[in-house]
Amino acid sequence: RSAGESAILCPTRALLQTSSGLGQKNVYWYQFVATPIYSANMGDTAVMGAFHGAEVPFVFGDQFEIKSTGEQNLSAAMGCYWTSFAETGNPNSGDCVKELNLPEWPVIGADGDAMVFGNSSIAATTALKKSRCDMFDKYM
């Protein structure tokens, strides 16, 4: 996990925070932690967990990979956020956000606020991976 966080996650967080700090208003970040029931591209998803790219079928509503009511709900929420962002630059702006009673997706801000998409919950969080990324910034 440390290799991925130091090489990809934390530099991505820093890039997003820099964009936000330079006046870009609509900068959003997320973490996908849901383990899919099935994936056409991966073998045993229980072993792989929330692997890189696992969120793609949920965003685009790929029904051949979405197997449960919970996954259908997660897919509806993610599709709503992504469509709203594509249309307006703000994932919170679509009518579907209210219709699905979704939490407000925060802008990243200085601490790295983000949305976390899981198997049974969707929640905004503050300072996602802040302590880890601050440690990597200090020692790397």
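## Strand pairing

In this predicted model, strand S1 (residues 30-32) runs parallel to S2, with three bridges between them. Tyr30 sits opposite Met115 of S2. On the S3 side the sense changes: S2 and strand S3 (residues 122-125) pair antiparallel, over four bridges. Val116 has Ala123 of S3 as its bridge partner. Four residues form the hairpin that joins S2 to S3.

S2 therefore pairs with S1 in the parallel sense and with S3 in the antiparallel sense.

## Two faces of S2

Which residues of S2 point one way, and which the other? Ala114 and Val116 point one way from the strand (residues 114-117). Met115 and Phe117 point the other way. The general rule is that side chains in a regular strand alternate between the two faces of the sheet. All four residues, Ala114, Met115, Val116 and Phe117, are buried.

## Nonpolar cores

Nonpolar side chains tend to be buried together in soluble globular proteins. Here the largest nonpolar core has 17 residues. Those with the most contacts inside it are Phe32, Leu74, Met78, Tyr81, Leu102, Trp105 and Phe117. Helix H3 (56-60), helix H4 (69-88) and S2 each supply at least two residues of this core. H4 gives the largest share, five residues.

Phe117 is one of the residues with the most contacts inside that core. What does Phe117 touch, leaving aside its neighbours within four places in sequence? Its contacts include Tyr30, Gln31, Phe32, Val33 and Ala34. Leu74, Met78, Tyr81 and Trp82 are also in contact with Phe117. Trp105 and Ile122 complete the list. Apart from the largest core lies another, of seven residues. Among them are Trp29, Ile108, Val116 and Leu128. Val116 and Phe117 point opposite ways from S2. Val116 belongs to the core of seven residues, while Phe117 belongs to the core of 17.

## Salt bridges

How many salt bridges does the structure hold? There are three. Glu5 and Lys129 meet through their side chains, at 3.0 Å from N to O. This pair links distant parts of the chain: Glu5 is in helix H1 (residues 2-21), Lys129 is in the loop between S3 and H6, and 124 residues separate them. Glu5 also forms a salt bridge with Arg132, where the closest N and O atoms are 2.9 Å apart. Glu5 lies in helix H1 and Arg132 in helix H6, so this pair ties together parts that are 127 residues apart in sequence. Glu5, Lys129 and Arg132 are thus linked in a network of salt bridges.

Is Glu5 buried or exposed? Its relative accessibility is 5%, so Glu5 counts as buried. Lys129 counts as partly exposed, at 21%. Arg132 is also partly exposed, at 32% relative accessibility.

The side chains of Asp134 and Lys130 meet in a salt bridge too, at 2.6 Å from N to O. Asp134 and Lys130 are separated by about one helical turn because they are four residues apart in helix H6. Asp134 is partly exposed, at 32% relative accessibility. Lys130 is partly exposed as well, with a relative accessible area of 27%.

## Positive phi in loops

Asn101 is not a glycine, yet it has a positive phi of about 55°. Asn101 is placed in the loop between helix H5 (95-99) and S2. With 68% relative accessibility, Asn101 counts as exposed.

Ala127 is not a glycine either, and it has a positive phi of about 55°. Ala127 is found in the loop between S3 and helix H6 (130-139). That loop also holds Lys129, the salt-bridge partner of Glu5. Is Ala127 exposed, partly exposed or buried? The cut-offs are under 20% for buried and over 50% for exposed. At 27% relative accessibility, Ala127 therefore counts as partly exposed.

## Surface patch

Which residues make the nonpolar surface patch of about 320 Å²? They are Ile37, Tyr38 and Phe64. Ile37 lies in the loop between S1 and helix H2 (45-48).

Definitions and conventions
Residues numbered from 1 in each chain as written. Predicted model: local features only at pLDDT ≥ 70, side-chain atom pairs only at ≥ 80, totals over all residues. Heavy atoms only, no water. Buried < 20%, exposed > 50% of the residue type's maximum accessible area, 1.4 Å probe, protein only. Pairing = 2+ DSSP bridges. Patch = residues over 30% accessible without salt bridge, like charges linked within 9 Å, V, L, I, M, F, W, Y side chains within 5 Å. Areas by Shrake-Rupley, 256 points an atom, 1.4 Å probe, with all protein chains shown as cover. Salt bridge = Lys/Arg side-chain N within 4 Å of Asp/Glu carboxyl O. Core = buried A, V, L, I, M, F, W, Y, C linked by side-chain atoms within 4.5 Å. Contact = heavy atoms within 4.5 Å.
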